[in-house]
Amino acid sequence: MKTVCRACMHQCRLEPGQRGICRGRKNEGGRIVCENYGQITSLALDPIEKKPLKMFRPGSIILSVGSYGCNMRCPFCQNHEISMACGKEGNTIFLSPQALAETALKYAGKVCGVAYTYNEPLTGWEYVRDTAKLVKEFGLENVLVTNGTASREVLDEILPYIDAMNIDLKSFRKETYRKYGGDLDAVREFIIRASEACHVELTTLIVPGENDDVQEMEEEAGWIASVEKSVGKKIPLHVTRFFPRYHMTDRTATEAGRVYQLAETAGKYLEYVFVGNC
């Protein structure tokens, strides 16, 4: 019997033994399980600005952790070795929520907390929730770096424990999101809900021929600035430069001048716009 996974907008209907689009969730005996729970591919100490977060604990160091799997298929993914993998393909170690939280605590005074990043963390949202709860109990902070396509139910589960997020807003065109296997409306709803509960910063990677149109940036920044009681002019936006990666080696890096132009466009609507990778 098929079982529906409700972790994200895909709502995958899975046969027993079948994995979802994200490759991190699976139907086992009619029950959806988080197969990537605690399966860690990456662990590192990073400047928080690398997430990127500019206006949350600036100058601090954070313990970054990643697993495998992603529910989108961005052709320019810089972490495709883990985001497109499943458990059999990636080199993983198991790290329980308690062990990860205690690792962060060991660095207390040097790090501000834990960042769930590198792949799409919410393919394994149960691990994020369980770990983040312990991290908070230890007096440290939780940062989530996400594509913002998780369901409302998942978001409500994790929000009580998350202090800050960076959310990718990959485009402001529905057709572009469909091409990447995502959903613009789902991301917009996620941004609105998240920004009501924690510090949120957004990132838009400017890819030549995909989302480098001035009119699109006008619409994106205008939307961010105009949503009442949630997203607004004070939400930081990172406008970053694309470099050829993964399946997008057929084009050159975005011209730095174009990135600055689009950042200037966004700055007509938003108070805090940052340029990255230039």
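Here is a quick tour of this structure, from its core and strands to its pockets and a few odd backbone spots.

Keep in mind that this is a predicted model. The largest nonpolar core holds 66 residues, and the largest pocket encloses about 1,100 Å³ of space. Along the way you'll also meet a cis peptide bond between Lys51 and Pro52.

**The nonpolar cores**

- If you want a starting point inside the largest nonpolar core, try Met165, Ile167, Leu169 and Leu202, the residues with the most contacts within it.
- Helix H3, which covers residues 125-137, is the top contributor to this core, giving 6 residues.
- Another core lies apart from it, with 9 residues that include Ile62, Val143, Val145 and Ala164.
- Ile167 makes a good close-up: leaving aside its neighbours within four places in sequence, its contacts include Val187, Phe190, Ile191 and Ala194.
- Also among the contacts of Ile167 are Thr146, Asn147 and Gly148, as well as Val200, Glu201, Leu202 and Thr203.

**A closer look at Tyr127**

- Tyr127 sits in helix H3.
- Is Tyr127 buried or exposed? Its relative accessibility is 6%, so Tyr127 counts as buried.
- Once neighbours within four places in sequence are set aside, Tyr127 is in contact with Tyr37, Gly38, Ile40, Leu95, Ser96, Pro97 and Leu100.
- For a sense of scale, the C-alpha atoms of Tyr127 and Thr240 are 29 Å apart, while the two residues are 113 places apart along the chain.

**Strands and how they pair**

- Strand S7 is mostly covered, with 5 of its 6 residues buried.
- On one hand, S7 pairs with S6 in the antiparallel sense, over 6 bridges.
- You can find one spot of that pairing at Asp46, whose bridge partner in S7 is Ile62.
- On the other hand, S7 runs parallel to strand S9 (residues 111-116), and 4 bridges join them.
- To locate S9 from S7, look at Val65, which stands opposite Tyr116 in S9.
- S10 and S11 make another parallel pair, this time with 4 bridges.
- Here Leu144 is the residue facing Met165 in S11.
- S11 is largely enclosed by the rest of the structure, because 4 of its 5 residues are buried.

**The largest pocket**

- Which residues lie nearest the centre of the largest pocket? They are Lys51, Gln78, Asn79, Asp168 and Thr203, out of 41 that line it.
- Five strands turn up with two or more lining residues apiece: S10 (141-146), S11 (164-168), S12 (199-206), S13 (237-241) and S14 (273-276).
- The lining is a mix, with 16 nonpolar, 14 polar and 11 charged residues.

**The second largest pocket**

- The second largest pocket has a volume of about 150 Å³.
- Its lining is made up of Met9, Thr149, Ala150, Ser151, Arg152, Leu155, Ala186, Glu189, Phe190 and Arg193.
- Helix H4 (152-158) and helix H6 (184-195) each put at least two residues into that lining.
- H6 gives the most to the lining of this pocket, with 4 residues.
- By type, the lining of the second largest pocket splits into 5 nonpolar, 2 polar and 3 charged residues.
- Phe190 links two parts of this tour: Phe190 lines the second largest pocket, and Phe190 is also in contact with Ile167.

**Backbone oddities**

- The peptide bond joining Lys51 and Pro52 is cis, with omega at about -10 degrees.
- Where is Pro52 found? Look in the loop between strand S6 (42-47) and strand S7 (61-66).
- Lys51, the other half of that bond, is one of the residues nearest the centre of the largest pocket.
- That loop between S6 and S7 also holds Arg57, whose phi is near 50 degrees, a positive value in a residue other than glycine.
- Arg57 has a relative accessible area of 40%, so Arg57 is partly exposed.
- Arg23 has a positive phi too, near 70 degrees, and is likewise not a glycine.
- You'll find Arg23 in the loop between strand S2 (13-14) and strand S3 (25-28).
- With 29% relative accessibility, Arg23 counts as partly exposed.

Note on methods
Residues numbered from 1 in each chain as written. Predicted model: local features only at pLDDT ≥ 70, side-chain atom pairs only at ≥ 80, totals over all residues. Heavy atoms only, no water. Core = buried A, V, L, I, M, F, W, Y, C linked by side-chain atoms within 4.5 Å. Buried < 20%, exposed > 50% of the residue type's maximum accessible area, 1.4 Å probe, protein only. Contact = heavy atoms within 4.5 Å. Pairing = 2+ DSSP bridges. 1 Å grid on protein atoms, 1.4 Å probe; cavity = no way out; pocket = protein on both sides within 12 Å on 5 of 7 lines; lining within 4 Å. Points joined across faces, edges and corners; volume = space filled by probe spheres on them. Nonpolar A, V, L, I, M, F, W, Y, C, P; charged D, E, K, R; others polar.
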